[in-house]
Amino acid sequence: MYGLVFLLPQFLQFSQSRGPLGAGMGLLPWTATLFVVAPIAGSLINRVGERWLVVAGLILQAAGMAWLAQIAAPDLPYIQLVAPLIITGAGVSMAMPAAQNAVLNAVARPEVGKAAGTFNTFRFLGGVSGIAIAGAVFAGTGSFASTDAFSDGFTSAIDVSALLSLAGALVGMGLPERRTVALANASKEA
């Protein structure tokens with residue numbers, strides 16, 4: 001996600017010839033999903049569990065990124081970026097709260113602060129790594145020499161970011177089932 005956050009505004013400014021405000025406004029379809037999808041995902045956590053929201057969210061994020069990578073070009077009308085941005089934003093808005101909930105529910109109450117700190121540390125470490133990987137891929141396949149050269153690097157970097165999201169979805173499959181559901185079922189049986 002952070003690799004896309006790093007490169008997408010540059011794509012909108014350099015390849016699409018938008019100013020800073022226009023590039024920022026161009027991110028709205030992606031970021032606005034947070035206000036809609038995150039509350040819905042939060043309400044689903046207790047019913048479906050974190051695992052499926054993390055996996056589905058990261059798959060949506062990967063699909064949106066792959067779509068962006070396939071269509072990104074200097075002459076692409078902005079309107080064609082809206083749907084993949086919404087899909088990508090919906091994915092991250094679904095996966096992030098569920099992942100945080102999984103971490104915080106995996107520890108005893110007195111350990112929540114440590115768990116939250118550890119989660120955020122690894123989240124930012126992943127963000128920095130994502131930017132570094134996307135930046136390295138961009139530098140190896142594109143440049144600022146022309147809008148076409150920038151788009152080439154952008155698409156390669158976003159393709160790699162999509163693959164990293166898919167890898168995250170595979171890792172997410174290893175999340176345990178919700179303990180509260182298991183405890184509720186055990187209480188009913190008792």
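**Close-up views of a predicted helical model**

**Tyr 2 and the residues it touches.** Leaving aside residues up to four places away in sequence, Tyr 2 touches Arg 123, Phe 124, Gly 127 and Ile 131; a contact here means heavy atoms within 4.5 Å. This is a predicted model, in which local features need pLDDT of at least 70 and side-chain atom pairs count only at pLDDT 80 or more, while totals for chains, interfaces and linings use all residues. Residues are numbered from 1 along each chain as its sequence is written, and side-chain values use heavy atoms, with hydrogens and water left out. Tyr 2 belongs to helix α1; helices (H or I, at least four residues) and strands (E, at least two) are DSSP runs, numbered from the N terminus. With a relative accessibility of 23%, Tyr 2 counts as partly exposed, a class that lies between buried (under 20% relative accessible area) and exposed (over 50%), using a 1.4 Å probe and protein chains only. Val 48 lies 46 residues from Tyr 2 in sequence, and their C-alpha atoms are 27 Å apart in space.

**Two arginines over aromatic rings, at Tyr 78 and Phe 124.** Look for Arg 123 here: its charged end sits over the ring of Phe 124, 4.5 Å from the ring centre. A charge sits over a ring if NZ of Lys or CZ of Arg is within 6 Å of the ring centre and within 35 degrees of the ring normal. In the other example, Arg 18 lies over the face of Tyr 78, again with 4.5 Å to the ring centre.

**The largest pocket and its lining.** Rolling a probe the size of a water molecule over the atoms shows where empty space is left. The volume of the largest pocket is about 840 Å³. Its lining has 28 residues, and those closest to the centre are Leu 58, Met 96, Arg 123, Gly 126 and Gly 168. On a 1 Å grid over the protein atoms alone, a pocket is an open set of points where a 1.4 Å probe fits, with protein on both sides within 12 Å along at least five of seven lines, and lining residues have an atom within 4 Å of a point. Grid points are joined across faces, edges and corners, and the volume is the space filled by probe spheres set on the points. Helices α1 (2-15), α5 (50-71), α6 (79-104), α7 (112-141) and α8 (147-172) each give the lining at least two residues, and the largest share, 8 residues, comes from α7. Sorted by class, the lining holds 17 nonpolar, 10 polar and 1 charged residues. Here Ala, Val, Leu, Ile, Met, Phe, Trp, Tyr, Cys and Pro count as nonpolar, Asp, Glu, Lys and Arg as charged, and the others, Gly among them, as polar.

**An aromatic cluster of Phe 14, Phe 138, Phe 144 and Phe 150.** A pair of aromatic rings is described by the distance of the centres and the angle of the planes. The structure holds 6 aromatic pairs. Rings of Phe, Tyr and Trp (its six-membered ring) pair if their centres lie within 6.5 Å; planes under 30 degrees apart count as stacked, over 60 as edge-to-face and the rest as tilted. The rings of Phe 14 and Phe 150 have planes at 50° and centres 5.5 Å apart, so this pair is tilted. Phe 14 is in helix α1 and Phe 150 in helix α8, so the pair ties together parts that are 136 residues apart in sequence. Phe 14 is partly exposed at 29% relative accessible area, whereas Phe 150, at 0%, is buried. Phe 150 also forms a tilted pair with Phe 144, at 5.1 Å centre to centre and 55° between the planes. Phe 144 is partly exposed, with 45% relative accessibility.

**Buried spots in α5 and α8, at Gly 64 and Ser 165.** Gly 64, found in helix α5, is buried at 0% relative accessibility. Not counting residues up to four places away in sequence, Gly 64 touches Pro 84, Ile 87 and Thr 88. The C-alpha atoms of Gly 64 and Ala 90 are 9.2 Å apart, and the two residues are 26 residues apart along the chain. Ser 165, in helix α8, is buried too, with 5% relative accessibility. With the same near-sequence residues left out, Ser 165 touches Leu 58, Gln 61, Ala 62 and Met 65.
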